[in-house]
Amino acid sequence: MTNWRAVFVGFLVATVFGIVGLVVPGIGQLAAGLLGGFVAGYMAGGGIGSGVWHGLLAGSLGGIIGGL
C-alpha cells in the first residue's frame, strides 16, 4: 500500500532543496532529488523495496508537476 504522506513529504523536501540548490547548479539539483527520494523511502518504512517505490513516486510527482 502506498503511503501518500511519505510521497508528498519527499516531494516537498525535493522541491525546497531544489530551490536552494539553484545556488549550486548541477550538484544541488541532483542532491535535492536524492534527498527527497530518501526521505520518502525512510518515512514509508517497510524495507528497501517499499522505500525505493515511495522514492520513485516522490520523484515522479515532482516530474509531473514540474512538467505542467
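## Exercises on a predicted helical model

Val-16, Phe-17, Val-20, Leu-35, Phe-38 and Tyr-42 make up a nonpolar patch on the surface, with about 650 Å² of accessible area together. Two elements give two or more residues to this patch: helix H1 (4-20) and helix H2 (27-44).

Some ground rules before you start. This is a predicted model, where local features need pLDDT of at least 70 and side-chain atom pairs count only at pLDDT 80 or more, while totals for chains, interfaces and linings use all residues. Residues are numbered from 1 along each chain as its sequence is written, and side-chain values use heavy atoms, with hydrogens and water left out.

**Exercise 1. Work out what lets a residue join a patch, then look at Tyr-42**.

*Step 1.* Patch residues have over 30% relative accessible area and no salt bridge; like charges are joined within 9 Å, and nonpolar side chains (Val, Leu, Ile, Met, Phe, Trp, Tyr) within 5 Å. A salt bridge is a side-chain nitrogen of Lys or Arg within 4 Å of a carboxyl oxygen of Asp or Glu. The areas come from the Shrake-Rupley method with a 1.4 Å probe, and for residues only the protein chains shown count as cover.

*Step 2.* Find Tyr-42 in helix H2. Helices here are DSSP runs (H or I, at least four residues), as are strands (E, at least two), numbered from the N terminus.

*Step 3.* Tyr-42 has a relative accessible area of 66%, so call it exposed. The cut-offs are under 20% for buried, over 50% for exposed, and partly exposed in between (1.4 Å probe, protein chains only).

**Exercise 2. Check the span of H1 and sort its buried and exposed residues**.

*Step 1.* H1 has 17 residues, and its first and last C-alpha atoms are 24 Å apart, close to the 24 Å expected at 1.5 Å a residue. That expected span is 1.5 Å times one less than the number of residues.

*Step 2.* Ala-6, Val-7, Gly-10, Phe-11, Val-13 and Gly-18 are the buried residues of H1. Looking down the axis of H1, you'd see them within an arc of 165°, so they line one face of the helix. The arc is taken from the directions from the helix axis to the C-beta atoms.

*Step 3.* Now flip to the other side of H1: Arg-5, Leu-12, Ile-19 and Val-20 are exposed there.

**Exercise 3. Do the same for H3, then zoom in on Gly-51**.

*Step 1.* With 20 residues, H3 reaches 28 Å from first C-alpha to last, close to the expected 28 Å.

*Step 2.* Its buried residues are Gly-51, His-54, Gly-55, Leu-57 and Ala-58. Seen down the axis of H3, they fall within an arc of 155°, so again you get one lined face.

*Step 3.* On the other side of H3, the exposed residues are Ile-48, Gly-49, Val-52, Ile-64 and Gly-67.

*Step 4.* Gly-51 has a relative accessible area of 14%, so it's buried. Its C-alpha is 7.5 Å from that of Phe-38, 13 residues apart along the chain.

**Exercise 4. Classify Trp-4 and find how far its C-alpha is from that of Ala-58**.

*Step 1.* Trp-4 is in helix H1. Its relative accessibility is 46%, so it counts as partly exposed.

*Step 2.* Trp-4 and Ala-58 are 54 residues apart along the chain, yet their C-alpha atoms are separated by 9.0 Å.
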